[in-house]
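Dear colleague,

I am passing on the structure we spoke about, together with some notes on its internal spaces, its ligand and its backbone. Please have the sequence and the model open while you read.

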Amino acid sequence: MNFDEYPRLKIGLFPTPLQPLENLSNYLGGPKIWIKRDDLCGIAFGGNKIRKLEYILYDVIKAGYNTIVTAGGPQSNHTLLTAGSARKVGLDYRIIALSQKPELITGNLVTHQIYRSKIVFREIEPSKSWGETALSVYKEIKKELEKENKKPVYIPVGGSIPVGALGYCRCVYEIKEQSQNYGFVPSFFVLTSGSMGTITGIILGKKLFKMNFNITGISVFGKDEYLTLGVNRIEENVVKAGKLLDFDIECSEKDYTIFYDYTGPGYGSVTPECVEAIKITARTEGIILGPVYSGKAMAGLIDLIKKGYFNKKDNVVFLHSGGSSEIFAKYGEMVPYLD
Ligand SMILES: Cc1ncc(COP(=O)(O)O)c(C=O)c1O
């Protein structure tokens, strides 16, 4: 199937801008850095989940479901953007927050309250992964919803399923056009990697639209921690997403690089390097990154520049995948590194 004909809902504002970061590039004395502003895509405070949800929710509605259930941490951007998208397209929804109920409502939970999200808080069971815990809670919620004559469906953590990856294929298409208009050829694509759905779409888009950039993911999970997530492997999902478009491709670990060195003690931990990267980006370009995802990717990018990973002539596209609102929930942990 032709990529443009693949059905999706129009939820966000696309294409998002591709913007040169001249001040930051000069400050770092490094390659030319461009930023793809997926934080500006129109729902809540923006972010990468909207592109995925445009495809996922189309399928959900077409299959006749009317209530979506998804899961994440209590400050999850994914659950927040799922809530915002559900509100936009008129679907009912429930959120599973994998933690104890916090005493104080902060950050994304404030926005959930404004959306009037119905949230079930549940701690991750020690013998189970995030994904397994979420699924077992979903089974309970499903029974209740069915008693109310609803038709529920579960969207896995991060929305990282093959059809969702098509959203980031579209992002590559936008970047191809935008970089041509600017008159440059991207040589690297740097992004944050969590449940790996975004990188899956970028790999597929690169193959589909015949781009030549190196794909560099900065993981927000340590390598061992990542394995407890219970998500599918990138290579399998690239192939599966390609099949949706009748595009037969191969994918191997050679198609991308992921660095697990910038996570700090674990997912969600605030590292001094990440706060430094957030300050540098804010103070040179006025752009706010988040301490859980995009700030860590910027910390990785800055360190890789220092280590000579890029050539000064490279054009590096950095994905702002959203999550700027994380600064409000994480302020206490950021304070020691702020000045
Ligand atoms: C702001 C932000 N950036 C990046 C990611 C990572 O994307 P993915 O889970 O597709 O790897 C997430 C996932 O929740 C996110 O919220």
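Which element gives the most to the lining of the second largest cavity? Before the answer, please keep in mind that this is a predicted model. The element is H3, which contributes three residues to that lining. The complete lining of the second largest cavity consists of Ala44, Phe45, Gly46, Asn77, Leu80, Leu81, Asn108, Gly323 and Ser325, and by class these residues divide into four nonpolar, five polar and no charged. The space inside the second largest cavity comes to about 40 Å³. Because domain 1 (3-47 + 160-337) and domain 2 (49-159) both give residues to the lining of the second largest cavity, this cavity lies between them.

In total, the count is two cavities of 30 Å³ or more, and the largest cavity holds about 340 Å³ of space. Its lining is made up of 31 residues, and those that lie nearest the centre of the largest cavity are Lys49, Gly158, Gly194, Ser195 and Tyr293. At least two lining residues of the largest cavity come from each of helix H2 (49-62), strand E3 (67-72), helix H3 (77-89), strand E7 (188-193) and helix H7 (197-208). In terms of residue class, the lining of the largest cavity has ten nonpolar, 18 polar and three charged residues. Where does the largest cavity lie with respect to domain 1 and domain 2? It lies between them, because both domain 1 (3-47 + 160-337) and domain 2 (49-159) give residues to the lining of the largest cavity.

Turning to the ligand, there are 16 residues around it, of which Lys52, Gly194, Ser195, Thr198 and Ser321 come nearest. As for polar contacts, an N or O atom in the side chain of Asn48 is 2.9 Å from an oxygen atom of the ligand, while a polar side-chain atom of Lys49 lies 3.1 Å from an oxygen atom of the ligand. With Met196 the backbone takes part, since a polar backbone atom of Met196 is 2.8 Å from an oxygen atom of the ligand. On its own the ligand has 390 Å² of accessible area, and the protein covers 97% of it.

Finally, there are two points about the backbone that you may wish to look at in the model. Phe14 and Pro15 are joined by a cis peptide bond, with omega at about 0 degrees, and Pro15 is placed in the segment before strand E1 (18-20). Ala44, although it is not a glycine, has a positive phi of about 45 degrees; Ala44 is found in the loop between strand E2 (32-37) and H2, and Ala44 is also one of the residues that line the second largest cavity.

With best wishes

Conventions:
Residues are numbered from 1 along each chain as its sequence is written. This is a predicted model: local features need pLDDT of at least 70, side-chain atom pairs count only at pLDDT 80 or more; totals for chains, interfaces and linings use all residues. Side-chain values use heavy atoms; hydrogens and water are left out. On a 1 Å grid over the protein atoms alone, a cavity is a set of points where a 1.4 Å probe fits but cannot get out, and a pocket is an open set with protein on both sides within 12 Å along at least five of seven lines; lining residues have an atom within 4 Å of a point. Grid points are joined across faces, edges and corners, and a volume is the space filled by probe spheres set on the points. Helices (H or I, at least four residues) and strands (E, at least two) are DSSP runs, numbered from the N terminus. Ala, Val, Leu, Ile, Met, Phe, Trp, Tyr, Cys and Pro count as nonpolar, Asp, Glu, Lys and Arg as charged, and the others, Gly among them, as polar. Domain bounds come from an automatic or database domain assignment. A residue is near a molecule or strand if one of its heavy atoms lies within 4 Å of it. A polar contact is a pair of N or O atoms within 3.5 Å; within protein, one must be able to donate a hydrogen and the other to accept it, and residues adjacent in sequence count only if both atoms are side-chain atoms. Accessible areas come from the Shrake-Rupley method with a 1.4 Å probe; for residues, only the protein chains shown count as cover.
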